[in-house]
Amino acid sequence: MVLIASAVCTKTGKVIISRQFVEMTKARIEGLLAAFPKLMTTGKQHTFVETDSVRYVYQPMEKLYMLLITTKASNILEDLETLRLFSKVIPEYCHSLEEKEIVDNAFNLIFAFDEIVALGYRESVNLGQIKTFVEMDSHEEKVYQAVRQTQEREARQKMREKAKELQRQRLELAKGRGSSSTGIGSRHGGFSSEGFGSSGGISSQSSISAPSIDSSDIKPASKVQKPVSRNALKLGGKSKDVDSFVDQLKSEGEKISTLSVASANSSSSITRAKPQPENTESVHIKLEDKLNVRIGRDGGLQQFELSGLMTLRISDESMGRIKVQLDNKDNRGIQLQTHPNVDKELFKTRAQIGLKNPTKPFPINTDVGVLKWRYQTQDESAIPLTINCWPSENGEGGCDVNIEYELEHSRLELQDVCISIPIPMGIQPNVGECDGTYYYDSRKHVLEWSLPIIDSSNKAGSLEFSCASSIPGDFFPLQVSFASETPYADLKTIHITQLEDESPVKYSAETFLAIEKYEIV
């Protein structure tokens with residue numbers, strides 16, 4: 001078959017989108033499409049019509065037509081099969097068969113059409129392959145993003161620790177200034193008593209006025225410190241780094257008091273000198289899960305994707321030749337994939353992580369990804385936390401909103417849960433009942449419902465509020481964020497042994513579940 005073009009048009013012949021697959025002028029395509037509604041005849045059951053040069057194969061779709069224009073020499077059976085595939089693609093990207101919905105998703109539809117037909121000939125693809133090709137999903141990119149977000153999270157933690165250190169140094173510096181100003185006042189008093197030969201009464205008067213002298217001498221004390229700050233700049237050379245670091249902390253919402261240059265540099269140098277705590281063993285294993293979930297407001301799982309990565313870090317050269325024994329109790333069909341340098345047969349038969357070449361050790365002081373996994377499903381039982389948002393009109397031009405959550409997987413312990421509900425601009429929500437805490441961000445027009453922890457003992461909760469001048473659609477989509485030290489995949493490390501003598505190796509393990517996107521649309 002030679003397929004000339006495909007189009008989606010209305011019953012009146014108006015073309016919404018069109019895609020041609022062979023070299024042809026725009027005027028020729030427009031002429032063929034304009035001739036189609038004139039060739040339609042009522043009362044016939046056929047789904048094709050022919051002219052002297054081309055054949056129109058079409059399928060009604062409510063108020064629309066899915067139309068293919070082919071040569072007359074093409075196989076009509078193959079044309080009809082291709083038409084059915086085109087008709088299946090449209091509902092995958094459009095929630096309703098309306099003209100506006102088709103226009104909004106025009107590019108996705110055109111990309112999907114290109115996957116079906118290439119240079120006028122149909123490709124051997126099915127609907128699932130088309131969706132995969134159009135999404136252009138990259139698991140390697142997601143792994144990279146997961147590692148990057150982990151590094152950013154660790155950097156934020158370090159910044160918080162540095163912020164506390166800066167705050168402590170500020171307090172110590174303030175105490176030091178107070179003691180030095182008191183000493184200056186006492187020296188001034190002694191100088192006056194000796195120079196003027198005054199009696200003890202004058203010295204007692206100077207001691208009485210010491211508080212006023214302290215308050216007036218704070219600024220001169222800072223002036224005396226300026227040469228010290230210049231020396232600190234020359235030695236450390238990190239004033240710009242400290243300023244940018246403090247600005248970054250402020251942008252993240254941390255409350256940082258303004259420090260002088262001298263105090264900032266001194267605290268920075270002390271922070272650099274302070275060794276970082278080491279809570280990990282020579283062999284450290286990290287398992288991290290990422291969730292991407294989209295749920296419909298009326299129920300139904302639209303998207304569920306889990307991606308995970310297991311990394312191994314070895315800091316002792318003597319521990320380089322090891323093997324890791326895993327325990328996989330997850331029976332949901334999670335796809336596991338080992339690193340190319342890992343022995344796949346050893347992993348399949350014994351669930352052990354070891355190198356293909358046993359004479360070579362694992363890299364030292366490097367986070368090595370040894371195992372990754374992926375899980376996609378449309379099964380609603382996979383949802384870890386269900387959110388039921390029920391807005392209803394109250395008859396006064398506004399809405400009463402009831403939101404409930406329920407933990408579906410009791411083995412998980414969710415921490416720092418935040419459910420963000422969009423609020424119409426300029427409307428202040430009136431919260432009635434709330435499990436946990438809430439905060440209305442008037443700048444972002446979002447009501448944030450926060451719960452410190454959700455576990456088996458705190459599986460369900462609700463929030464009720466009302467908004468004036470609103471409709472039910474104003475409160476979607478809801479965004480959910482949380483973290484957990486329990487991974488979604490039921491995968492864990494049992495033990496680690498040396499490759500030579502099977503002796504056990506002491507190791508530390510870290511597990512984490514993070515949210516990439518979790519929304520109710």
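**Exercise 1. Find how strand 1 and strand 5 pair, and place them in their sheet.**

Solution. Start with the two strands: strand 1 (residues 3-10) and strand 5 (residues 64-71) pair in the antiparallel sense over 7 bridges. Strands here are DSSP runs of E of at least two residues, helices are runs of H or I of at least four, and both are numbered from the N terminus. Two strands count as paired if DSSP finds at least two bridges between them. Within this pair, A7 stands opposite L67 in strand 5.

A word on the model: it is predicted, so local features need pLDDT of at least 70 and side-chain atom pairs count only at pLDDT 80 or more, while totals for chains, interfaces and linings use all residues. Residues are numbered from 1 along each chain as its sequence is written, and side-chain values use heavy atoms, with hydrogens and water left out.

Next, widen the view. The open sheet has 5 strands in the order 2-1-5-4-3, with antiparallel pairing. Its edges are strand 2 (15-20) and strand 3 (48-50), each pairing on one side only. On average, neighbouring strands are turned by 15° against each other, direction ignored.

**Exercise 2. Identify what helix 2 and helix 4 touch on this sheet.**

Solution. Take helix 2 to begin with: packed on the sheet, helix 2 touches strand 1, strand 3, strand 4 (54-61) and strand 5. Its direction makes about 40° with that of strand 4. Helix 4 also packs on the sheet, touching strand 1, strand 2 and strand 5, and its direction makes about 30° with that of strand 2. Contact means heavy atoms within 4.5 Å.

**Exercise 3. Describe the packing of helix 4 against helix 5.**

Solution. Two packed helices are described by the angle between their axes and the distance between the axes. The axes of helix 4 (residues 106-116) and helix 5 (residues 127-135) come within 9 Å and cross at roughly 125°. Axes are lines fitted to C-alpha atoms, for helices over the stretch in contact, with angles from 0 to 180 degrees between N-to-C directions. Now classify: under 35 degrees is roughly parallel, over 145 roughly antiparallel, 65 to 115 roughly perpendicular, and the rest oblique. Helix 4 and helix 5 are therefore oblique to each other. The contact is made by N108, F111, A112, E115 and I116 of helix 4 with I130, F133 and V134 of helix 5.

**Exercise 4. Decide whether H95 and T497 are buried or exposed.**

Solution. Set the cut-offs: buried means under 20% relative accessible area, exposed over 50%, and partly exposed in between (1.4 Å probe, protein chains only). H95 sits in the loop between helix 2 (76-93) and helix 3 (99-104). At 73% relative accessibility, H95 is exposed. T497 lies in strand 22 (residues 491-498) and, at 9%, is buried. Its contacts, not counting residues up to four places away in sequence, are I322, K323, E502, S503, P504 and V505.

**Exercise 5. Locate the largest nonpolar core and its best-connected residues.**

Solution. A nonpolar core is a set of buried Ala, Val, Leu, Ile, Met, Phe, Trp, Tyr and Cys residues joined through side-chain atoms within 4.5 Å. The largest has 65 residues, and L385 and F465 have the most contacts inside it. Apart from this core lies another of 28 residues, including V89, Y93, F113 and V134.
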